[in-house]
Amino acid sequence: MTEHTERTAHSITVATPNGPFTAIHDAGTVLASGWTDDAAYLSALINPRIRPATVERADDDAPGRRIADAVTAYYDGELGAVDEIAVEQVGGPFVAQAWKVLRGVPAGQTRTYTEFAELAGNAQAIRAAAQACATNAAALFVPCHRIQRSDGTLGGFRYGLDIKSWLLDHEAADLKG
C-alpha cells in the first residue's frame, strides 16, 4: 500500500503483561501498533498517504494471527519474533532511514539519541532522531523503546515510561538466560 486508498486494513489485539496490544495491518504488513485497544487512535498515527479508509477488527485472519503470534512469542522470550514482521511507514529521507536503523538495534541493547542520529547518517540530527522515535507508529516492531538519553534516563515513550522500562528489563533478562 503506497498511497491513500479506499482499502480496508485490519486490526488485531493481543493481551500482554503491559495491557492490550493492537496492530493495524494491511495483508500482514504492520502500519501501526501499540499498547492500546483503540484502533482509531492507532489509525490516526498512520501517515495520511498510506492511511486506510477503514480499519476492521479481524482477530482470526491468517496475516493478523502471524502478527499476534510474533507479539506473543516476543513476550514469551523469543525477542526476535517481531523482527520477522514487515512494517510500512512513510516519512522524509532521514526519518525513513532512522526507522530502518531502529529495526537494527538488537534486543537487550540501547542506543542514545546521539548514537542513533549517527547510525541514521547525521550525527548533528539529534532532534530529528528523537522526532523519528516520536512519530514511529509501529511500536515494538520498530523498537524506539531501545533509544534513551545520553545520561542513561529513558526519555519519552508514547505508551509511558513504565512500559518502556518493562520492555528493556524483559529484553535484558531474556538475554541473560
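**Figure 1. Ala 132, a buried spot in helix H5.** Let's start with Ala 132, which has a relative accessible area of 0% and so counts as buried. Keep in mind that everything here is a predicted model. You'll find Ala 132 in helix H5. Skip its neighbours within four places in sequence, and Ala 132 is still in contact with Val 95, Ala 98, Trp 99 and Phe 116. Cys 144 is worth finding too: its C-alpha is 8.5 Å from that of Ala 132, and the two are 12 residues apart in sequence.

**Figure 2. Phe 116 and the residues around it.** Now hop over to Phe 116, one of the partners of Ala 132. Which residues is Phe 116 in contact with, leaving aside its neighbours within four places in sequence? The list runs Ala 98, Val 101, Leu 102, Ala 129, Ala 132, Cys 133 and Ile 147. Phe 116 is also among the residues with the most contacts inside the largest nonpolar core, along with Trp 35, Leu 102 and Phe 141.

**Figure 3. The largest nonpolar core, shared by two domains.** This core has 52 residues. Strands E1 (8-16), E2 (19-26) and E3 (29-34) each supply at least two of its residues, and so do helices H2 (62-75), H3 (93-103), H4 (113-119), H5 (126-134) and H6 (161-176). Which helix gives the most to this core? That's H2, with 7 residues. Domain 1 (8-76) and domain 2 (93-175) both chip in residues, so the core lies between them.

**Figure 4. Where the two domains meet.** The protein is divided into domain 1, covering 8-76, and domain 2, covering 93-175. Put a point at the C-alpha centre of each domain, and those points lie 20 Å apart. How many residues of each domain are in contact with the other? For domain 1 the count is 16 residues, and for domain 2 it is 15.

**Figure 5. Trp 35 and its aromatic partners.** The structure holds 7 aromatic pairs. In one of them, the ring centres of Phe 21 and Trp 35 are 4.9 Å apart and the planes sit at 70°, so this pair is edge-to-face. Phe 21 lies in strand E2, while Trp 35 lies in the loop between E3 and helix H1 (39-45), so the pair ties together parts that are 14 residues apart in sequence. Is this pair buried or exposed? Phe 21 is buried, and Trp 35 is too. Trp 35 also forms an aromatic pair with Phe 157, and this one is tilted, with 5.9 Å centre to centre and 55° between the planes. Phe 157 comes from the loop between strand E6 (147-148) and H6, which puts it 122 residues from Trp 35, so to speak a link between distant parts of the chain. Phe 157 is buried, just as Trp 35 is. Step back and you'll see ring pairs linking Phe 21, Trp 35, Phe 141, Phe 157 and Tyr 159 into a cluster.

**Figure 6. Asp 26 and Arg 7, a charged pair.** A search of the whole structure turns up 2 salt bridges. Here the side chains of Asp 26 and Arg 7 meet, at 3.2 Å from N to O. Asp 26 is in strand E2 and Arg 7 is in the segment before E1, so the salt bridge ties together parts 19 residues apart in sequence. Asp 26 has a relative accessible area of 16%, so it's buried. Arg 7, at 39% relative accessibility, counts as partly exposed.

**Figure 7. Arg 146 and Glu 171, a buried charged pair.** Arg 146 forms a salt bridge with Glu 171, and their closest N and O atoms are 2.9 Å apart. Arg 146 lies in the loop between H5 and E6 and Glu 171 in helix H6, so the pair ties together parts that are 25 residues apart in sequence. Both Arg 146 and Glu 171 are buried.

**Figure 8. Lys 164, a buried charge with no salt bridge.** Lys 164 has its place in helix H6. This lysine is buried yet has no salt bridge. Where is the nearest side chain of opposite charge? It belongs to Asp 151, 10 Å away. Not counting residues up to four places away in sequence, Lys 164 touches Tyr 113, Cys 144, His 145, Ile 147, Leu 154, Gly 155, Gly 156 and Phe 157.

Methods. Residues are numbered from 1 along each chain as its sequence is written. This is a predicted model: local features need pLDDT of at least 70, side-chain atom pairs count only at pLDDT 80 or more; totals for chains, interfaces and linings use all residues. Side-chain values use heavy atoms; hydrogens and water are left out. A nonpolar core is a set of buried Ala, Val, Leu, Ile, Met, Phe, Trp, Tyr and Cys residues joined through side-chain atoms within 4.5 Å. Buried means under 20% relative accessible area, exposed over 50%, partly exposed in between (1.4 Å probe, protein chains only). Helices (H or I, at least four residues) and strands (E, at least two) are DSSP runs, numbered from the N terminus. Domain bounds come from an automatic or database domain assignment. Contact means heavy atoms within 4.5 Å. Rings of Phe, Tyr and Trp (its six-membered ring) pair if their centres lie within 6.5 Å; planes under 30 degrees apart count as stacked, over 60 as edge-to-face and the rest as tilted. A salt bridge is a side-chain nitrogen of Lys or Arg within 4 Å of a carboxyl oxygen of Asp or Glu. Lys and Arg count as positive and Asp and Glu as negative; His and the chain ends are not counted.
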